[in-house]
Amino acid sequence: MSNDLIEVWRGSARQWEVDEMDHWNTQFYVARCNEGLAMLFGFMGLPGLFSPLSATTVAFNEHHIRFHREAHAGAPLHMTGGFLQVGEMTAFAIFVLHHSESGQVAATFRVRLTHVHASDGVTPLPWAAAFRERVADALVETPREAAPRGTDDEPVTLTASREQAMAFGLKRTAMSLIEQDACDAFGRMGPQRFIGAVGGGVKQLTGPLRAIVGELAETPPGRVGGAVLEFRILYGETPRIGDCFEIWGGLHRTDKRTMSLVFWMVDPVTGRVFGSMQSIAIVFDLDARAIVEISPAARQALAEHVTEGLEL
C-alpha cells in the first residue's frame, strides 16, 4: 500500500457550471470524477472502458463524497486517484480534487463499482487477470480527508420505495425525464445527473428548513442559502434514456451545524428504485460565506419536520 495517487484530471471550474450560491455545482464535481475514473482505468490497462464500442463497462454501486473547500468560476483544479481494492468483478477507487494554486483539497470521492457487460449494464464479469495484477501492485490507502464524517460507512440495503415515500409523507421535490444529454455512451444515466436531479428541486424541501434556521439564528445572517458537506449515494437500477423519474426527500436528523437529508429517486410509473442519497447539508450565509449555526430554538422547530425511521 502507498499514498501515491496519480494525476487523472486537470482543468478548471467553468462559469456555466456555477450555481446560484456562487460556487461550483456538486454535479460537476462528480462529472469530473467520472472523467478521472476513465483516465485511471486507461492507465491501469483498460482504455476505452466507457467507449460505445467496448464490450464491457462499469456499473456504479456507491459514491461517498466530501466537499472541503469551495471552488468558484475559473478556479484551476486537478485530480489524483488510485484503487483502494480490487475484487474478482468489483473495484473500490479513491479520488482527491485539489485547488491547483494552493494545493488544498477541494473534494474527495470514494467510488465502488462492478465490471459488467455493456449490452445490459447489469451482468457482472470478471476483470482480466492482467488488470487485477497491475492494480494489486499499485493499491493506495484512503487519505485522512476522505474518511466519512457525517454519513455511515457500513454496508446497507436500499430501503427506498415509492410506497414508503408516500407512507412517510416525504416531499416530492422533482419530476422529470431522462434525456440523451444525461446519459453515457450506453444510454444509461450518469451518476452526476442523480445529484443534478436532486439539486434541481432541493429547495422544494430545504427552503422552509433554511428559513427556520435563519429566522431563529442567534446571530442574524445575511442572505441565506445552502451548501453540502458530504454525500453518500447508493445506486439501484440505472435509468436510461426515456425513463421518467421523481425525487422524494425528507429531513433525517439535525445537529448544531448540519441537517442530514435523504432523497430517493424512483420511477413514478413502475416504482423501480434508481437510487438513494444521504446529504449532509448546511445553511450558508451568502454574504459572510460562512455556516449559519442551528440554534437550540431552531433545532426544536426543525424536530417537527424530521421523518422518523427514514434511512437510505
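The side chains of R172 and E246 meet in a salt bridge, with 3.1 Å from N to O. This pair links distant parts of the chain: R172 sits in strand 6 (residues 171-177) and E246 in strand 8, 74 residues apart. Keep in mind as you look around that this is a predicted model. The two partners have different surroundings: R172 counts as partly exposed, at 36% relative accessibility, whereas E246 is buried, with a relative accessible area of 0%.

Stay with E246 for a moment, since R162 also meets E246 in a salt bridge, here at 2.2 Å from N to O. R162 belongs to helix 3 (residues 162-168) and E246 to strand 8 (residues 244-254), so this contact ties together parts that are 84 residues apart in sequence. R162 has a relative accessibility of 19% and counts as buried, because the cut-off for that label is under 20%. Taken together, E246 has salt bridges with R162 and with R172.

Now move along to another pair, D267 and R272. Their side chains meet in a salt bridge at 2.6 Å, N to O. Is D267 buried or partly exposed? At 5% relative accessibility, D267 counts as buried. Its partner R272 reaches 23% and counts as partly exposed, because that value lies between the 20% and 50% cut-offs.

Elsewhere, salt bridges join into a network, linking R14, E17, R32 and E35. How many salt bridges does a search of the whole structure find? The search finds 16. As for the charges overall, the protein chain has 27 positive and 37 negative ones, and the mean positions of these two sets are 2 Å apart.

Let's step back to the whole chain. The protein chain has six helices and 11 strands. Its C-alpha atoms fill a box of roughly 60 × 50 × 35 Å along the principal axes. For 312 residues, a compact globule would have a radius of gyration near 20 Å, and the protein chain agrees with this at 20 Å.

Contacts and burial fill in the picture. Among contacts between residues at least 6 apart in sequence, 74% join residues at least 24 apart. The salt bridge of R162 and E246, spanning 84 residues, shows you parts of the chain tied together over such a separation. Of the 312 residues, 53% count as buried. On the outside, the protein chain exposes about 14,200 Å², and carbon and sulfur atoms supply 50% of that area.

Conventions: Residues are numbered from 1 along each chain as its sequence is written. This is a predicted model: local features need pLDDT of at least 70, side-chain atom pairs count only at pLDDT 80 or more; totals for chains, interfaces and linings use all residues. Side-chain values use heavy atoms; hydrogens and water are left out. Helices (H or I, at least four residues) and strands (E, at least two) are DSSP runs, numbered from the N terminus. The radius of gyration is taken over C-alpha atoms; the globule rule is 2.2 Å times the number of residues to the power 0.38. Buried means under 20% relative accessible area, exposed over 50%, partly exposed in between (1.4 Å probe, protein chains only). Contact means heavy atoms within 4.5 Å. Accessible areas come from the Shrake-Rupley method with a 1.4 Å probe; for residues, only the protein chains shown count as cover. Lys and Arg count as positive and Asp and Glu as negative; His and the chain ends are not counted. The place of a charge is taken as NZ of Lys, CZ of Arg, CG of Asp or CD of Glu. A salt bridge is a side-chain nitrogen of Lys or Arg within 4 Å of a carboxyl oxygen of Asp or Glu.
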